[in-house]
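Visitor: I have a structure open and want to learn how to read it. Where do we start?

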Amino acid sequence: MAVHKLEPMAETVTDVFSSDRLPVLTIDSGDTVVARSLSAAGYLSPQREPGDLPPVMLPERRGHCLLGPIAVHGARAGDVLAVTFQSLRPDDWGYTVAGGRDNVLNRRLGTVDGAPSWLLWRVDVAAGVAVSQQGLRVRLAPFLGVVGLPPAESGEHSTIPPRTRGGGNIDCRELVAGSTLFLPITVDDAFLQLGDGHAAQGDGEVGGTAIECGMTSEIVVDVLADAPLDSIHAVTPAGRITFGFSSDLNEATGDALDAMLRWMQGLFDVDRSTALALASTTVDLRVTQIANETWGVHAVLRHGALES
């Protein structure tokens, strides 16, 4: 299988999802891609001080600065794209910004007034930590916030909300190296896009940003005729994961749990009510993110939590 390299340049990045754009790379199922993405903002250099706004790759800033689209030979709508994260290495600097914007959560928390607060991080991959300008330390757990496929409809689509079919801005901190994300393919040739590196993040991404950073990601891309589920799901070093995305937290929770029950029914050959009873003893429900116009919830069945 071939190994491809992809660097962030004007002709290889975009800030929208679209299947109308010509692919920047075409690969075969089973190929490896080593992709270096910029931060979500597309900064070309580190901030010198909090609030500093360096030059960016895409001045319009309509959405996340993503690599792609990557076309996959033989991928057809209705198949499943399996994206396996072999390694994820953040750049040596990053940032977090929170507050200062007028939205529902900031009003509730009293963080609307005044300038946003910036944390500038020095990322030490060898030591496995990020250190802020105040000397505060956070353990690294890098992942990509955005991995997704464009909607089936032509035209340009925002990168901000995650979508139940193509994924996108999932922001799930469980998707670390060693994970495989399964995405139902929405358009022929898949047109994969990725970026929005996070050196670390808490469940929820409550301030709207994580430790935002550039990332070098080694991924293996496979096209599957079928998968355990027809919805977005993942297998990670921690366990099996299903997702729900909706503007209604109850709907997002129900969708994540519904998918997990279907998976458990197949795994353990039980009826739906029994799967629910088993889930009640083993499955963790977590708020994936609240920052992107759409609630995200993921259900986690930890490896070894339930055995037949």
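**Reading a helix, a residue and a strand**

Guide: Start just past a helix. H2 is followed by Asp269, whose phi is positive, near 55°. Keep in mind that this is a predicted model.

Visitor: How many residues does helix H2 have, and how far does it reach?

Guide: Compare the end-to-end span with the expected one. H2 covers residues 249-268, which is 20 residues. From first C-alpha to last it reaches 28 Å, close to the 28 Å expected at 1.5 Å a residue.

Visitor: What happens at the start of H2?

Guide: Look for a side chain that contacts the backbone there. A side-chain oxygen of Asp248 comes within 2.7 Å of the backbone nitrogen of Asn250.

Visitor: Which residues of H2 are buried?

Guide: Read the accessible area residue by residue. The buried ones include Ala252, Ala256 and Ala259. Met260, Leu261, Trp263 and Met264 are buried as well.

Visitor: What covers the buried residues of H2?

Guide: Look for elements in contact with them. The cover includes helix H3 and four strands: S15 (233-235), S16 (239-246), S17 (283-289) and S18 (295-302).

Visitor: Let's take a single residue. Where is Thr282?

Guide: Place it in its element, then check its exposure. Thr282 belongs to helix H3, residues 272-282. Its relative accessible area is 6%, under the 20% cut-off, so Thr282 counts as buried.

Visitor: Which residues does Thr282 touch?

Guide: Leave out residues up to four places away in sequence. Thr282 then touches Met264, Val300, Leu301, Arg302, Ala305 and Leu306. Met264 is itself one of the buried residues of H2.

Visitor: Which backbone oxygen lies 2.8 Å from a polar atom of the Thr282 side chain?

Guide: That of Leu278.

Visitor: Now a strand. How many residues of S5 are buried?

Guide: Count along the strand. S5 runs over residues 66-72, and seven of its seven residues are buried.

Visitor: Do the side chains of a strand point one way or alternate?

Guide: In a regular strand they alternate between the two faces of the sheet.

Visitor: Which strands pair with S5, parallel or antiparallel?

Guide: Check direction and bridge count for each partner.
- S2 (residues 13-14) is antiparallel to S5, with two bridges. Val13 is partnered with Leu67 of S5.
- S3 (residues 25-27) is parallel to S5, over three bridges. Leu25 stands opposite Ile70.
- S13 (residues 192-198) is antiparallel to S5, with three bridges. Leu67 has Leu194 of S13 as bridge partner.

Visitor: Which residue of S5 should I click to see two of these pairings?

Guide: Leu67. It is the bridge partner of Val13 and of Leu194 in S13.

Key:
Residues numbered from 1 in each chain as written. Predicted model: local features only at pLDDT ≥ 70, side-chain atom pairs only at ≥ 80, totals over all residues. Heavy atoms only, no water. Buried < 20%, exposed > 50% of the residue type's maximum accessible area, 1.4 Å probe, protein only. Polar contact = N/O pair within 3.5 Å; in protein donor to acceptor, adjacent residues only side chain to side chain. Contact = heavy atoms within 4.5 Å. Expected span 1.5 Å × (residues − 1). Pairing = 2+ DSSP bridges.
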